Amino acid sequence: MSKNNKPVLLLIPLVCIAFFSLNVYAGHLEPFRSVPVPKHNPQTPEKIELGKKLFFDRRLSGDGTMSCATCHNPEQAFTDGQDISLSYPTTMNWRNAPTLINTAFQKFLFHDGRVKSLEDQALFPLMSAFEMNQNLDFVEEELRVVPEYVEAFKKVFGGDVTRERIAMAIAAFERTLVSVNSPLDKHLKGDKSALSEDAKKGLEIFEGKGKCADCHYGVNLSDNRFHALNVPENPALLNEPRVIATMRFTAKVYHYEDYKNLREDPGRYLITKNKKDRKAFRTPSLREISKTAPYMHNGVFKTLDEVLDFLNKGGGPGNKALKPLGLTGEEKRYLKAFLTEAPAGEDIAIKYPEVP
Ligand code: HEC
Ligand code: HEC
């Protein structure tokens, strides 16, 4: 072997390592494992219980009519079942309320990924003019006059009621909402009878011809990235004045130049102002997907069949993320069997807390 080959030979293992690490990561489905917990906010039973009380407490909204559970209802897999989410009376939201199951695994929260932790997220709906419309200084005082809360905060945090601690307790509760023991988990751990024959064929399509696992992989069936599939707009963004007002308000808050003429959801672009992010949204988890209709950031698809038809034709006009798949009716049926059956975990039993 001549000396000149050495650099080339050195490259071979490097290329192999790069190839191997890409391969085990992208496209690879993983069974459930415990959720990541940030060091500064460890889980304790008392904190989780406090967070649960706050989650169900209507005091958290400005006029005392709504709690987090109003839009993230345990009986509807922590969604509200609406296309465009419910909102503070007399206002409307502009997006679909995602489930809170497995949000602990998401690297980015909200459809446009504008927040990175559950602790940072929790105060957004509280303050938001079109959600709970609450004032944070006021809600602190509202909780400080309830002896049970004063005591609970002292016990859990060793101090007073603060907005940061409210958010920390709610986040701790949210980290308990996880999808476990689904047929998909059992299958991935080696139980060959966990999936029906149809669902097994569906899984093959999910990882193969359908290319779903290019973006929906890992424990949460999400790459934690953003893609512009060019999902059609919900007509309410053009027709419903309250939704239009919310859309423009949000765009104004995020310094969108021409917010007054906005007629679509700009998606991730709203946050990054990067052209490639126009109409891009975070890849959602598909865990519990059979329980969380309607679908997409704007709830524009009522059924999984509609979603599959959209994906099969290669997504919306002009998108660069998807190509037509050419799935037959039967292949779509298998894929749907997989989606409906496999990632559905045990129902999460919530014992409703007594709100002080
Ligand atoms: C009025 C309805 C409503 C209420 C009340 C509400 N939410 Fe939401 N929630 C939504 C909507 C809609 C979104 C998606 C918004 C977006 O992406 O822009 C969302 C998103 C979230 C997310 C991000 C989920 C994900 O997958 O990215 C979390 C976490 C969350 N809400 C927790 C809460 C908590 C905690 C409360 C109470 C403090 C609460 N929500 C109150 C409607 C609501
Ligand atoms: C290029 C990445 C990509 C590929 C490939 C892809 N998806 Fe998705 N998927 C997304 C994104 C991004 C969204 C969210 C779009 C939105 O909210 O507007 C989504 C949304 C969904 C939803 C709705 C989820 C919800 O909670 O609303 C389902 C169901 C779904 N995808 C299934 C599939 C299936 C099945 C395949 C394969 C046929 C597939 N996806 C291929 C990126 C992808």
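**Two iron-bearing ligands and their pockets**

Ligand 1 sits in the second largest pocket. The model described here is predicted. The account takes ligand 1 with its surroundings, then ligand 2, then two features of the backbone.

Ligand 1 carries an iron atom, and the protein gives this iron a single donor, H72. The donor atom is NE2, and the distance is 2.1 Å. H72 is placed in the loop between α3 and α4. The shell around ligand 1 holds 28 residues. Those that come nearest are C68, C71, H72, F110 and R282. H72 therefore appears twice, as the only protein donor of the iron atom and among the nearest residues, where nearness is judged by heavy atoms within 4 Å.

Polar contacts to ligand 1 come from both backbone and side chain. On the backbone side, an N or O atom of F110 lies 2.6 Å from an oxygen atom of ligand 1. H111 also uses a backbone N or O atom, which lies 2.8 Å from an oxygen atom of the ligand. Q121 uses its side chain instead. An N or O atom there is 3.2 Å from a nitrogen atom of ligand 1.

Three helices each supply at least two residues of this shell: α3 (68-71), α4 (118-121) and α8 (163-174). By class, the shell around ligand 1 has 14 nonpolar, nine polar and five charged residues.

Ligand 2 also carries an iron atom, and its single donor from the protein is H216. The donor atom is again NE2, at 2.1 Å. H216 is found in the loop between α10 (197-207) and β1 (226-227). There are 26 residues around ligand 2. The nearest are C212, C215, H216, M296 and H297.

Three of these residues make polar contacts with ligand 2. In H216, a side-chain N or O atom is 2.9 Å from a nitrogen atom of the ligand. M296 acts through its backbone, with an N or O atom 2.6 Å from an oxygen atom of ligand 2. H297 acts through its side chain, where an N or O atom is 2.6 Å from an oxygen atom of ligand 2. The elements that give two or more residues to this shell are β2 (281-282), α14 (304-312) and α15 (329-341). Helix α14 gives the largest share, four residues. The shell around ligand 2 divides into 19 nonpolar, five polar and two charged residues.

The space taken by ligand 2 is the largest pocket. About 1000 Å³ of space lies in this pocket. It is lined by 48 residues, and H216, T283, P284, L286 and M296 are the closest to its centre. Strand β2 and helices α14 and α15 each give two or more residues to the lining. The largest share of the lining, five residues, comes from α14. The lining is made up of 26 nonpolar, 16 polar and six charged residues. H216 thus links several parts of the picture: the donor of the iron atom of ligand 2, a polar contact with that ligand, and a place close to the centre of the largest pocket.

Two backbone features complete the description. A cis peptide bond joins A293 and P294, with omega about -10 degrees. P294 lies in the loop between β2 and α14. Both β2 and α14 also give residues to the lining of the largest pocket. The second feature is at N224, which has a positive phi of about 55 degrees although it is not a glycine. N224 lies in the loop between α10 and β1. H216, the donor from the protein to the iron atom of ligand 2, is found in the loop between α10 and β1 as well.

Definitions and conventions:
Residues numbered from 1 in each chain as written. Chains lettered and ligands numbered in written order. Predicted model: local features only at pLDDT ≥ 70, side-chain atom pairs only at ≥ 80, totals over all residues. Heavy atoms only, no water. Donors = N, O, S within 2.8 Å, 3.2 Å for Na, K, Ca; no water. Polar contact = N/O pair within 3.5 Å; in protein donor to acceptor, adjacent residues only side chain to side chain. 1 Å grid on protein atoms, 1.4 Å probe; cavity = no way out; pocket = protein on both sides within 12 Å on 5 of 7 lines; lining within 4 Å. Sits in = over half its atoms within 2 Å of the grid points. Nonpolar A, V, L, I, M, F, W, Y, C, P; charged D, E, K, R; others polar. Points joined across faces, edges and corners; volume = space filled by probe spheres on them.
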